Amino acid sequence: MTNIILFGAPGSGKGTQSQLIVEKYGLQHLSTGEVLRAEIATGSELGKKIDSLISEGNLVPDDMMYGVIENYIAGLPKHCKGTIFDGYPRTVAQAVALTSLLKKYKLDALMIDLMVDEQLLIQRLIERGKVSGRADDNLNTIRHRIAVYHDQTEPIAHYYLRHGNYFAVNGNHGVEDVFLQIKRIIDREAKNK
Ligand code: AP5
């Protein structure tokens, strides 16, 4: 089973590359951003709280996210080829929680870090904001999301680097080129298993 933590700043291409990995390798895709937006769409009280956090570019609390991940991993079918974790973990506490959950189910994961220059991230998200309808795709919120990423999320890369299962990809290139780099990592790691 191949579990991949697809990591990177807002706009680095996690969702785009996840779709390509799903098509090529048949992995499942868990986007915590999508899960949260689905909860917002229900109009529930919880959804309203989540909406105000996301609209301001802040993270949803770790304990709320833990339930999402725990239920997901516990519900994985035995024959599953693996999962792409897109948007989780996002704090060191989430990384620690994910490691211990994976261990409980005798699973592991590698991290692929999509590294993209900040100016390009902003350009991509501003462009997407013209059509996405996402409340967080506006310049002020994008800047705040990137600041939150540097402050709370980026340190996780060091956590995985220390654990030896970290791979960086140059995400500044076109979609196909980035995917080529990702395929090389996945294929090489599969051979080494
Ligand atoms: P989430 O939905 O995960 O958003 P994000 O991390 O900000 O990432 P994006 O979806 O904006 O970008 P992406 O990296 O997926 O890039 P994409 O492929 O879409 O989370 C949203 C919010 O939910 C968070 O801010 C937080 O509040 C909350 N949340 C989620 N998970 C959480 C957690 N675990 N804990 C706490 N809170 C959580 O691409 C972006 C654009 O660029 C697209 O238009 C795409 O077409 C284009 N593009 C992509 N790749 C390329 C390329 N190579 N070349 C040119 N264009 C490209």
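## Exercises: rings and charges

A search of the whole structure, which is a predicted model, turns up three aromatic pairs. Let's work through some of them, then move on to charges.

**Exercise 1.** Work out how the rings of Tyr72 and Phe85 are arranged, and which parts of the chain they tie together.

*Solution.*
- Start with distance: the ring centres of Tyr72 and Phe85 are 6.2 Å apart. Rings pair if their centres lie within 6.5 Å, so this counts.
- Now the angle: the two planes sit at 75 degrees, so we call the Tyr72–Phe85 pair edge-to-face. The cut-off for that label is over 60 degrees.
- Next, find them in the fold. Tyr72 belongs to helix H4 (residues 62–74) and Phe85 to strand S3 (residues 83–86), so the pair links parts that are 13 residues apart in sequence.
- Finally, check the surroundings: Tyr72 and Phe85 are buried.

**Exercise 2.** Classify the ring pair formed by Tyr159 and Tyr160, and say whether these residues are buried or exposed.

*Solution.*
- The centres of the Tyr159 and Tyr160 rings are 5.1 Å apart, with planes at 75 degrees, so this pair is edge-to-face.
- As for exposure, Tyr159 is buried, and Tyr160 is too.

**Exercise 3.** Find what sits over the ring of Tyr25.

*Solution.*
- Look at Lys24: its charged end sits over the Tyr25 ring, 5.7 Å from the ring's centre.

**Exercise 4.** The structure holds seven salt bridges. Take the one between Arg37 and Glu34 and describe its place in the helix.

*Solution.*
- The closest N and O atoms of Arg37 and Glu34 are 3.0 Å apart. The limit for a salt bridge is within 4 Å, so the pair passes.
- Both residues lie in helix H2 (residues 32–42), and because they are three residues apart, about one helical turn separates them.
- Arg37 has a relative accessible area of 23%, so it is partly exposed. Glu34, at 48%, is also partly exposed.

**Exercise 5.** Which residues are joined into one network by salt bridges that share partners?

*Solution.*
- Begin with Asp137 and Arg128, whose side chains meet in a salt bridge of 2.8 Å, N to O. Asp137 is buried at 8% relative accessibility, whereas Arg128 is partly exposed at 31%.
- Then take Asp136 and Arg134: their closest N and O atoms are 3.1 Å apart. Asp136 is buried at 5%, while Arg134 is partly exposed at 24%.
- Put it together: shared partners join Arg128, Arg134, Asp136, Asp137 and Arg145 into one network.

Definitions and conventions
Residues numbered from 1 in each chain as written. Predicted model: local features only at pLDDT ≥ 70, side-chain atom pairs only at ≥ 80, totals over all residues. Heavy atoms only, no water. Phe/Tyr/Trp six-rings, centres within 6.5 Å; stacked < 30°, edge-to-face > 60°. Helix = DSSP H or I, 4+ residues; strand = E, 2+ residues; numbered from the N terminus. Buried < 20%, exposed > 50% of the residue type's maximum accessible area, 1.4 Å probe, protein only. Lys NZ or Arg CZ within 6 Å of the ring centre and 35° of its normal.
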